[in-house]
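Here's an informal walk through a protein model, starting with the whole chain and then stopping at a handful of residues. Keep the structure open while you read.

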Amino acid sequence: MIVIIGSINMDLVLRVPRMPIPGETLAGGKFMTIPGGKGANQAVACARLCQDGTPVAMVACLGSDAFGGQMRASIVANGIDDRYIADIADEATGIASILVDDQAQNSIVLAAGANARLGVAQLERARELIASASIVLLQLEVPMPVVTYAIDMAHALGKTVVLNPAPAQALPAGMLEKIDYLILNEIEAAMLAEEESDDIPMLVAKLRSRGARNVVVTLGEKGVYGYFEQAGARHLDAQKVKAVDTTAAGDTFIGGFIAALDAGRDEFTAIVYGQAAAAISVTRTGAQISIPMRDEVLL
């Protein structure tokens, strides 16, 4: 089983010809409400891309509004176990306001809503679920004390712990030592390494010096750089596709990478599978609706 502890958002997506400048009113294009949230996106990606029907479950919070019901229905429709997703009374479901321009780049503003209410007590109620997992995946769109507690719990239970440290922020001392796979983009890598540099091998070396054992850095159209204790380091080029929306590309990559690891593939093969899934996702609009099914991606 793969357990995702993280956020659920409704994405409010607006197409724009370009990003507005401060104080500007810009005429936009199509508007959509699309299921999203880094936690939910990664859960959907795992559920769709696992090769052997591996169960996927989420530990998360939803609001008591209409978006909450819509998001739960989407999660269940993707075959994800929702028993540990709590409904929070008098709270709004998290939302992400997303602008996508004609170059397929996006700008995102988050309102945490119910995601901020995920707490330690809920993790303890899910302890049996986490104990049954093989892989536990987390991000940083829920409170950091909860992420820290969950990593401590999963590490103590001997689980493979995967962290996507996004949105980028400082991590507590000692956290990296308890993470089996750190998956992040180049901006997050520079921030965590406390270096203003685009020298990816140097950034990874800095992260390793702070306790990270296996590091995967996603570089967008420049590919992926991976360092693994057993397999060493390698840069893999990205597939060439015409992108229309990069929203959830990183989440799709992570889901594919984890799905391949769960299937027993080696780490660099897992990167290639994640890249193939992400390459499909960027040719489609939206977050979860862009994530491909396993029969669309060769492994």
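## Surface, fold and a few residues

About 12,400 Å² of the protein is exposed, and 53% of that area comes from carbon and sulfur atoms. Bear in mind that you're looking at a predicted model.

**The whole chain**

Let's start with the overall build. The secondary structure adds up to nine helices and 13 strands. Along the principal axes, the C-alpha atoms take up a box of roughly 50 × 40 × 40 Å. The radius of gyration is 18 Å, which agrees with the value near 19 Å that a compact globule of 299 residues would have. Of those 299 residues, 52% count as buried.

How much of the contact network joins residues at least 24 apart? Taking contacts between residues at least 6 apart in sequence, the share is 67%.

On the charge side, there are 23 positive and 34 negative charges, and their mean positions sit 2 Å apart.

**Around strand β6**

Strand β6 covers residues 94-100, and Gly94 is part of it. Gly94 has a relative accessible area of 0%, so it counts as buried. Setting aside residues up to four places away in sequence, Gly94 touches Ile8, Asn9 and Met10, and also Ala111, Ala112, Gly113, Ala114 and Asn115. Ala111 is 17 residues from Gly94 along the chain, with 5.6 Å between the two C-alpha atoms.

Ile95 is in strand β6 too. Outside its neighbours within four places in sequence, Ile95 makes contact with Asn9, Met10, Leu12, Phe67, Val109, Leu110 and Ala111. Phe67 is 28 residues from Ile95 in sequence, and their C-alpha atoms are 8.9 Å apart.

The loops on either side of this strand each hold a residue with a positive phi. Asp90 is in the loop between β5 (81-88) and β6, and its phi is near 60 degrees. Ala104 is in the loop between β6 and β7 (106-111), with phi near 70 degrees. Neither Asp90 nor Ala104 is a glycine, though both phi values are positive. Are these two residues buried or exposed? Asp90 is exposed at 77% relative accessible area, whereas Ala104 is buried at 1%.

**The loop between β9 and β10**

Next stop is the loop between β9 (160-163) and β10 (181-185), where you'll find Asp180. Why does Asp180 count as buried? Its relative accessible area is 18%, and buried means under 20%, so Asp180 falls on the buried side of the cut-off. The side chain of Asp180 makes a polar contact of 2.8 Å with the side chain of Arg213. Arg213 also shows up among the residues that Asp180 touches beyond four places in sequence, along with Lys159, Thr160, Val161 and Asn214.

Pro167 belongs to this loop as well. The peptide bond joining Ala166 and Pro167 is cis, with omega at about -5 degrees.

**Two partly exposed residues**

Tyr149 is in helix α5, residues 144-156. With 29% relative accessible area, Tyr149 is partly exposed. Apart from neighbours within four places in sequence, Tyr149 contacts Val120, Leu123, Glu124 and Arg127. Val272 is 123 residues from Tyr149 in sequence, and 32 Å separates their C-alpha atoms.

Ala231 sits in the loop between β12 (224-228) and β13 (232-236). Its relative accessibility is 42%, so Ala231 counts as partly exposed. Leaving out residues up to four places away in sequence, Ala231 touches Glu267 and Phe268. Between Ala231 and Ala133, which are 98 residues apart along the chain, the C-alpha separation is 25 Å.

**C-alpha distances side by side**

Here are the pairs from the text in one place.

| Pair | Apart in sequence | C-alpha distance |
|---|---|---|
| Gly94 and Ala111 | 17 residues | 5.6 Å |
| Ile95 and Phe67 | 28 residues | 8.9 Å |
| Ala231 and Ala133 | 98 residues | 25 Å |
| Tyr149 and Val272 | 123 residues | 32 Å |

Notes
Residues are numbered from 1 along each chain as its sequence is written. This is a predicted model: local features need pLDDT of at least 70, side-chain atom pairs count only at pLDDT 80 or more; totals for chains, interfaces and linings use all residues. Side-chain values use heavy atoms; hydrogens and water are left out. Helices (H or I, at least four residues) and strands (E, at least two) are DSSP runs, numbered from the N terminus. The radius of gyration is taken over C-alpha atoms; the globule rule is 2.2 Å times the number of residues to the power 0.38. Buried means under 20% relative accessible area, exposed over 50%, partly exposed in between (1.4 Å probe, protein chains only). Contact means heavy atoms within 4.5 Å. Accessible areas come from the Shrake-Rupley method with a 1.4 Å probe; for residues, only the protein chains shown count as cover. Lys and Arg count as positive and Asp and Glu as negative; His and the chain ends are not counted. The place of a charge is taken as NZ of Lys, CZ of Arg, CG of Asp or CD of Glu. A polar contact is a pair of N or O atoms within 3.5 Å; within protein, one must be able to donate a hydrogen and the other to accept it, and residues adjacent in sequence count only if both atoms are side-chain atoms.
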